[in-house]
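Grab a coffee and open the model in your viewer. Below are some short exercises, each with a solution worked out step by step.

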Amino acid sequence: MSKIKVAVLAATGAVGQRFVQLLENHPWFEVTALTGSDRTIGQTYQEGCRWILSSPMPEYAKRMKVIPTEAGLDAQICFSALPADLARDVEPAFAKAGHFIASNASAHRMWDDVPLLIPEVNPDHTALVKAQQKNRGWSGFITTNPNCTSTGFTISLRPLLDQFGIKKVFAVSLQALSGAGYPGVASLDAIDNVIPYIGGEEGKVETEPQKMLGRLNGGNVIHADFKISAHTNRVAVTDGHVVCVSVELNQKVSPSTVAEALANFQAPEIVRGLPSSPKVAIEVKSEADRPQPRKDRDAGNGMTTVVGRVREDPLFDVKYVVLSHNTIRGAAGGSLLNAELMVAQGLIK
């Protein structure tokens, strides 16, 4: 098929750079626009972007001109790395103008008619875009991926909810510095330290999984009815969010049964064939000290969720550790997979 034209909004930031990296030589998408701030508009991407990733800046992007973030640019799909305060007004304007938004921003995640998507978890929720377009009179639409901490955490809950049912969840996150963007957390705050507060984060981790694991009901979602309690912490790790999870299930099962359910989990068939979909959705580690960010965050090119230390919980039923690459699976890679899903479903042509 001919490639679909795509743009990256806020392309010079940390998540924008991940989009630029992951879109290099994409089989379905061609980058035709990169947008930036007033400081970078009119410069080449190479001139305006302080590249922070370890891999080289893609050649295709270097000589592209950075343009304003304005609706009407030459792209069907817009991958949004905008800050939430800007996304709040900009993304609806783009959708109204006919663009299809795959957003990493939090501004519209909890709108009733906006899909909050993880393709392995709730691909049917893309049906909300029809209600969204009808409700708002848009020819385009907005879809969102979840908070970077919610992502791997929710993927791990999907098979547990489906097979055993869930009553309640307690979660403690250890979140990488890259989740704060660039320049992010000051070095004197991060070194030799754990910061036990990330503004707005606990609320997202406690509510977003319930929407994604909920049931589609016409033009909205009936949220899953279990409760989540979360503590979120920033730690001195570059990439890779770790979440320590305790779960009370609706039935008593052994840790080995839970581990088997996690290891056997597969994405729906339509998702397994997408270009960015990992071959293994959840990798379960048997070593006593895994997963670890430095050793496991790049599993499945950063798109696989890695789980380990599945064991009995004396207060609940089972506990385990889950790791997800926050800027790939939990950010740009998640939005990219969402867009691929909607192309496969015929929502984007």
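**Exercise 1. An asparagine with an unusual backbone**

Work out whether N25 is buried or exposed, and where it sits.

*Solution.* Keep in mind that this is a predicted model. Start with the surface: N25 has a relative accessible area of 70%, and the cut-off for exposed is over 50%, so N25 is exposed. Next, find its place: N25 belongs to the loop between α1 (14-22) and β2 (29-35). Finally, check the backbone: phi of N25 is positive, at about 60 degrees, although N25 is not a glycine. That deserves a second look because most residues other than glycine have a negative phi.

**Exercise 2. Another positive phi**

Find the place of R309 and say what its phi is near.

*Solution.* R309 is in strand β14 (residues 305-312). Its phi is near 55 degrees, a positive value in a residue other than glycine. For the surface, R309 has a relative accessible area of 38%, so it goes down as partly exposed.

While you're at it, look just after α5, where G137 takes a positive phi of about 70 degrees.

**Exercise 3. Two prolines to check**

Which residues are joined to P183 and P291 by cis peptide bonds, and in which loops do these prolines lie?

*Solution.* Take P183 to begin with. Its cis partner is Y182, with omega at about 5 degrees. P183 lies in the loop between β7 (166-175) and α7 (187-190).

Now P291. The bond from R290 to P291 is cis, and omega is near 10 degrees. This proline is in the loop between β13 (282-284) and α11 (293-296). D289 is found in the loop between β13 and α11 too. D289 has a relative accessible area of 48%, so it counts as partly exposed. The C-alpha atoms of D289 and V321 are 9.9 Å apart, with their positions 32 residues apart along the chain.

**Exercise 4. Cysteines and disulfides**

How many disulfides does a search of the whole structure find, and why is C49 not in one?

*Solution.* The search finds 0 disulfides. For C49, look for the closest cysteine sulfur: it is in C78, 18 Å away, which is too far for a bond. The cut-off is 2.5 Å. C49 counts as buried because its relative accessibility is 8%.

Run the check again for C244. Its nearest cysteine sulfur belongs to C148 and is 16 Å away, and C244 is in no disulfide. At 31% relative accessibility, C244 is partly exposed.

**Exercise 5. Helix α6 and its neighbours**

Describe how α6 packs with α8 and with α9: what are the angles, and which residues meet?

*Solution.* Begin with α6 (residues 148-164) and α8 (residues 201-212). Their axes come within 9 Å and cross at roughly 40 degrees. The two helices are therefore oblique to each other, and the crossing is right-handed. On the α6 side you'll find C148, T149, S150, F153, T154 and R158, which meet E201, K204, V205, E208, P209 and M212 in α8. Sorted by type, the contact residues are 5 nonpolar, 3 polar and 4 charged.

Then turn to α9 (residues 255-263). It packs with α6 at an angle of about 115 degrees, and the axes are 9 Å apart. This crossing is right-handed. S156, P159, L160, Q163 and F164 in α6 meet T257, V258, A261 and L262 in α9. Here the split is 6 nonpolar, 3 polar and no charged.

**Exercise 6. The buried side of α5**

List the buried residues of α5, then say what they pack against.

*Solution.* Helix α5 covers residues 128-136, and its buried residues are L128, V129, A131, Q132 and Q133. They pack against β6 (141-144), β9 (215-217) and β10 (220-222). For reading such a list, remember that residues three or four places apart point the same way because an α-helix has 3.6 residues a turn.

**Exercise 7. A buried asparagine**

Is N338 buried or exposed, and which residues does it touch?

*Solution.* First, place N338: it is in helix α12 (residues 328-344). Its relative accessibility is 1%, so N338 counts as buried. Leaving out residues up to four places away in sequence, N338 touches L117, I118, P119, T144 and N145. As a last step, measure across to W28: N338 and W28 are 310 residues apart in sequence and 13 Å apart in space, C-alpha to C-alpha.

Note on methods. Residues are numbered from 1 along each chain as its sequence is written. This is a predicted model: local features need pLDDT of at least 70, side-chain atom pairs count only at pLDDT 80 or more; totals for chains, interfaces and linings use all residues. Side-chain values use heavy atoms; hydrogens and water are left out. Buried means under 20% relative accessible area, exposed over 50%, partly exposed in between (1.4 Å probe, protein chains only). Axes are lines fitted to C-alpha atoms, for helices over the stretch in contact, and angles run from 0 to 180 degrees between N-to-C directions. Helices (H or I, at least four residues) and strands (E, at least two) are DSSP runs, numbered from the N terminus. Angles under 35 degrees count as roughly parallel, over 145 as roughly antiparallel, 65 to 115 as roughly perpendicular and the rest as oblique. A crossing is left-handed if the near helix is turned anticlockwise from the far one by less than a right angle, and right-handed if clockwise. Contact means heavy atoms within 4.5 Å. Ala, Val, Leu, Ile, Met, Phe, Trp, Tyr, Cys and Pro count as nonpolar, Asp, Glu, Lys and Arg as charged, and the others, Gly among them, as polar.
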